[in-house]
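This report is an introduction for a reader who has not met the structure before. It takes up two residues, an annotated stretch of the chain, and the empty spaces between the atoms.

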Amino acid sequence: MDPVVSIRPLLAVTVAGLAALAVLLLNKRERLRDLVSPLAAIAMFAIVVSMAPTVLAGGTVELRLFEILPGIDFAFRVDALGMVFATVSSLLWIVAAIYSVGYMRHLNEHAQTRFFACFASSLAAAAGGAFAANLFTLVIFYEVLSLVTYPLVYHHEDEEGWRGSRKYLVYLMGASKSALLAALALTYHIAGSLDFVAGGLLAGSDASAALLTVVYFCYLFGFAKAAVMPMHAWLPAAMVAPTPVSALLHAVAVVKMGVFCVLRVVFHVFGTGLVGGLGLGIVTAYLASFTILMASVYALTRDDLKARLAYSTVSQLSYIVLGAVLLSPVAMVGGIIHIAAHAFSKITLFFCAGSIYCASGKRNISDMAGVGRRLPWTMGAFFVASLSMIGVPPTAGFVSKWYLALGSLEAGEIAFLIVLLVSSVLNAAYFLPVSYAAFFGTEEQESSATVREIPMMTIPLVVTALLSVLMGIFPGYFLALAEGVVR
């Protein structure tokens with residue numbers, strides 16, 4: 001099928017960018033300002049899904065804007081992999097925008113205009129990355145995302161915020177300015193282009209195995225948003241940000257941009273044949289497995305709920321990487337659809353953490369005994385999302401883990417099947433006690449303070465919990481896109 005030339009990829013990015021500008025212009029008119037993000041999110045989602053029929057039919061939507069250097073264009077190309085990321089981020093922006101308004105109003109947070117402007121800008125960068133036609137365009141939006149989320153991490157402007165945001169920027173920008181820049185230069189030197197190519201841009205190149213191995217690991221660690229250990233420490237440090245930002249970092253945009261970039265490298269820069277031929281798949285699989293298990297152990301030791309969720313994210317991201325580098329078609333499908341499964345579940349968990357804090361002021365799990373009886377909808381949604389993270393049917397997490405498990409067997413790698421099973425047990429060990437204490441624990445001292453659900457925050461988290469279940473029952477859309485990537 002010939003590519004469809006359309007302005008829609010640019011429109012998706014522009015809608016979010018214009019939303020950021022509108023938020024700034026409406027600084028003095030708070031009610032109108034707060035309407036901008038939900039309306040822009042709906043418009044962006046509509047633009048994204050309007051391209052889905054073409055992509056599901058095996059086609060692409062393209063738009064080339066201008067040439068930077070020979071072989072390097074600033075261009076957009078919407079394919080199956082990009083559509084997975086764009087669908088998830090644009091859909092979840094709708095509920096995140098509504099939740100954020102409720103959160104910021106309830107706590108009467110300062111600098112709300114800056115917050116909403118940066119939030120919208122981050123989604124513009126995510127859409128641009130999802131639709132990037134080449135490494136140059138992808139890295140531009142990757143870097144923009146780092147810069148516009150920095151003020152969100154530093155939002156509280158205190159010493160803790162400064163330390164967390166500094167680590168955030170040092171890890172993400174430091175990796176980009178060293179490993180990632182080197183990888184881009186070497187790729188251009190070897191191939192004379194930075195375009196994504198089905199089967200791999202570098203496949204068939206006459207570069208030495210040693211040089212290609214260096215380029216590969218420069219990409220793997222240069223895209224530090226993927227949080228493969230040891231490039232993970234920025235992520236727990238960023239938990240100083242407000243909870244809607246944590247949800248953005250862990251579910252909607254930032255970390256998903258990281259693993260999305262790694263998948264682009266595996267599928268469209270190196271190609272699965274070259275990754276397997278160089279033995280890079282198995283090495284990366286062991287790195288991902290180490291990250292999965294160690295981050296889960298760290299999560300078990302954290303009493304702060306957001307910190308536990310942060311280490312859970314580090315672990316869950318490496319499921320996506322593991323699925324790609326096992327180089328089995330079934331495993332690759334599992335890794336790709338885990339982008340969506342994790343997003344729906346993890347945003348629910350962070351929404352719940354924010355709801356608990358706004359309603360009761362509690363951050364630590366040890367203080368949450370009995371909170372489920374006061375916040376039944378919030379903790380019910382938390383429980384559903386926890387089941388998805390563990391991989392219990394009929395949730396989204398079960399579907400992606402099922403494909404990953406089958407893919408491990410298909411690849412003949414029983415060790416990684418064991419990793420998946422052990423990690424699911426660890427998931428249960430650090431998630432289920434939270435729900436058990438919330439519903440069946442006894443408060444040490446009955447509080448006289450009124451603790452109740454906040455509708456503007458509760459409705460979005462119930463919706464995302466339902467999305468986790470609906471994807472588990474009807475995974476067809478994301479499965480079709482994932483199968484389109486690996487064909």
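## A serine in helix 4

S90 is found in helix 4 of this model, which is a predicted one. With a relative accessible area of 0%, S90 counts as buried, because that term applies to anything under 20%. The side chain of S90 reaches back along the chain to the backbone oxygen of A86, at 2.7 Å. When neighbours within four places in sequence are left aside, the residues in contact with S90 are A41, M44, F45 and V48.

## The annotated stretch

Residues 72-116 are covered by an annotation in an unreviewed UniProt entry, where the record reads "domain: NADH-Ubiquinone oxidoreductase (complex I) chain 5 N-terminal". In the model, the chain over residues 72-116 is 71% helix and 16% strand, and the C-alpha atoms at the two ends of this stretch lie 33 Å apart.

## The largest pocket

Which helices give two or more residues to the lining of the largest pocket? The space in this pocket comes to about 460 Å³, and 24 residues line it, of which A198, H268, G484, V485 and R487 are the closest to its centre. The elements that contribute two or more lining residues are helix 3 (52-56), helix 4 (80-106), helix 11 (254-270) and helix 21 (476-486). Helix 21 provides the largest share, with five residues.

Sorted by class, the lining of the largest pocket is made up of 13 nonpolar, eight polar and three charged residues.

## The second largest pocket

For the second largest pocket the volume is about 350 Å³, and of the 22 residues in its lining, M239, V240, D304, K306 and R363 are the closest to its centre. At least two lining residues come from each of helix 7 (159-191), helix 14 (305-325) and helix 15 (329-360), and the largest share, three residues, is that of helix 14.

The classes in the lining of the second largest pocket are 12 nonpolar, three polar and seven charged residues.

## A tyrosine in helix 15

Helix 15 also holds Y357. Is Y357 buried or partly exposed? Its relative accessible area is 24%, so Y357 is partly exposed, a term that covers values between the 20% limit for buried and the 50% limit for exposed.

Leaving aside neighbours within four places in sequence, Y357 is in contact with Y103, L107, K362 and R363; R363 is also one of the residues closest to the centre of the second largest pocket. Y357 and E160 are separated by 197 residues in sequence, and their C-alpha atoms are 18 Å apart in space.

## The enclosed space

Rolling a probe the size of a water molecule over the atoms shows where empty space is left. Apart from the pockets, the structure holds one cavity of 30 Å³ or more, and the space in the largest cavity is about 40 Å³. The lining of this cavity consists of Y216, Y219, L220, F223, V262, V265 and V266.

Helix 8 (209-222) and helix 11 each supply at least two residues of the cavity lining, and helix 11 is also among the elements that give two or more residues to the lining of the largest pocket. By class, the cavity lining has seven nonpolar residues, with no polar and no charged ones.

Notes
Residues are numbered from 1 along each chain as its sequence is written. This is a predicted model: local features need pLDDT of at least 70, side-chain atom pairs count only at pLDDT 80 or more; totals for chains, interfaces and linings use all residues. Side-chain values use heavy atoms; hydrogens and water are left out. On a 1 Å grid over the protein atoms alone, a cavity is a set of points where a 1.4 Å probe fits but cannot get out, and a pocket is an open set with protein on both sides within 12 Å along at least five of seven lines; lining residues have an atom within 4 Å of a point. Grid points are joined across faces, edges and corners, and a volume is the space filled by probe spheres set on the points. Helices (H or I, at least four residues) and strands (E, at least two) are DSSP runs, numbered from the N terminus. Ala, Val, Leu, Ile, Met, Phe, Trp, Tyr, Cys and Pro count as nonpolar, Asp, Glu, Lys and Arg as charged, and the others, Gly among them, as polar. UniProt positions are given in the numbering used here, feature names are shortened, and annotations may be inferred rather than shown by experiment. Buried means under 20% relative accessible area, exposed over 50%, partly exposed in between (1.4 Å probe, protein chains only). A polar contact is a pair of N or O atoms within 3.5 Å; within protein, one must be able to donate a hydrogen and the other to accept it, and residues adjacent in sequence count only if both atoms are side-chain atoms. Contact means heavy atoms within 4.5 Å.
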